[in-house]
Amino acid sequence: MSKRQWPFLLGGLLVALLLAGVVSNYASSHPDGLDSSLLKGCTVNADDEITGGSCPAQEAKDHELADSPLADYGVRGIGNGFVSTGLSGVLGVLLTFAFGAGLFWLARRRGPATPATSADPAAPATPAPDTASADPADDAATPSTGSR
């Protein structure tokens, strides 16, 4: 990676960390399209708990990883919701960045590109012509002096 790309990469990482750590706390707390469509047919109270009716959301179960450290857009063990959500976002960005950087590191070019060689290494190299170029189209564009 060239030295000119580092500021761009670090700037992008900084913006992502800022968005994940601060702005994510101001995201809407209302259910998204999938959640709201699963609640159709049910009555819901102010705490988004189903109080009656019949809807697919009544069959919902906790995810297998519901008790993981980063479940529910927060960090388990941190009582402050703002800090918990922000830290969860920052950790997610850092983990994603580390994973992506690792993949790019594995896929990187390991050495200089080798020049194309002829099939027969013992064959002598063909000398380049002195006055004519290798491409006939270049010769047509070059003014002729009358002798070759």
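This report walks through a predicted model, from its overall make-up to one helix, one pocket and one loop.

**Overall make-up**

The protein has four helices and two strands. Read from the N terminus, these elements follow the order α-α-β-β-α-α. Of its 148 residues, 10% count as buried. The accessible surface comes to about 12,600 Å², and carbon and sulfur atoms hold 62% of that area. As for contacts with a separation of 6 or more, 27% of them join residues 24 or more positions apart.

**Helix α1**

Let us turn to α1, which covers residues 5–21. With 17 residues at 1.5 Å a residue, helix α1 should span 24 Å, and its end C-alpha atoms are indeed 24 Å apart, so the two values agree.

Which residues of α1 are buried? They are L13, A20 and G21. Seen down the axis of α1, these buried residues fall within an arc of 90°, so they line one face of the helix. The partner they pack against is α3, residues 81–107. On the other side of α1, the exposed residues are P7, F8, L14 and L18.

**The largest pocket**

It is worth rotating the model to find the largest pocket, which holds about 730 Å³ of space. A handy way to picture such a search is that rolling a probe the size of a water molecule over the atoms shows where empty space is left. The lining of this pocket is made up of 20 residues, and S29, D35, A71, D72 and Y73 are the ones nearest its centre. Among the elements, α3 gives the most to the lining, with three residues.

**Two residues in the loop before α3**

Two of the residues nearest the pocket centre, D72 and Y73, deserve a second look for their backbone. Most residues other than glycine have a negative phi. D72, however, has a positive phi of about 60° without being a glycine, and Y73 also has a positive phi, near 55°. D72 lies in the loop between β2 (50–53) and α3, and Y73 lies in the loop between β2 and α3 as well.

Are these two residues buried or exposed? D72 has a relative accessible area of 76%, so it counts as exposed. Y73 is exposed too, at 71% relative accessibility. The table sets their values side by side.

| Residue | Phi | Relative accessible area |
|---|---|---|
| D72 | about 60° | 76% |
| Y73 | near 55° | 71% |

Notes
Residues are numbered from 1 along each chain as its sequence is written. This is a predicted model: local features need pLDDT of at least 70, side-chain atom pairs count only at pLDDT 80 or more; totals for chains, interfaces and linings use all residues. Side-chain values use heavy atoms; hydrogens and water are left out. The expected span of a helix is 1.5 Å times one less than its number of residues. Buried means under 20% relative accessible area, exposed over 50%, partly exposed in between (1.4 Å probe, protein chains only). The arc is that of the directions from the helix axis to the C-beta atoms. Contact means heavy atoms within 4.5 Å. Accessible areas come from the Shrake-Rupley method with a 1.4 Å probe; for residues, only the protein chains shown count as cover. On a 1 Å grid over the protein atoms alone, a cavity is a set of points where a 1.4 Å probe fits but cannot get out, and a pocket is an open set with protein on both sides within 12 Å along at least five of seven lines; lining residues have an atom within 4 Å of a point. Grid points are joined across faces, edges and corners, and a volume is the space filled by probe spheres set on the points.
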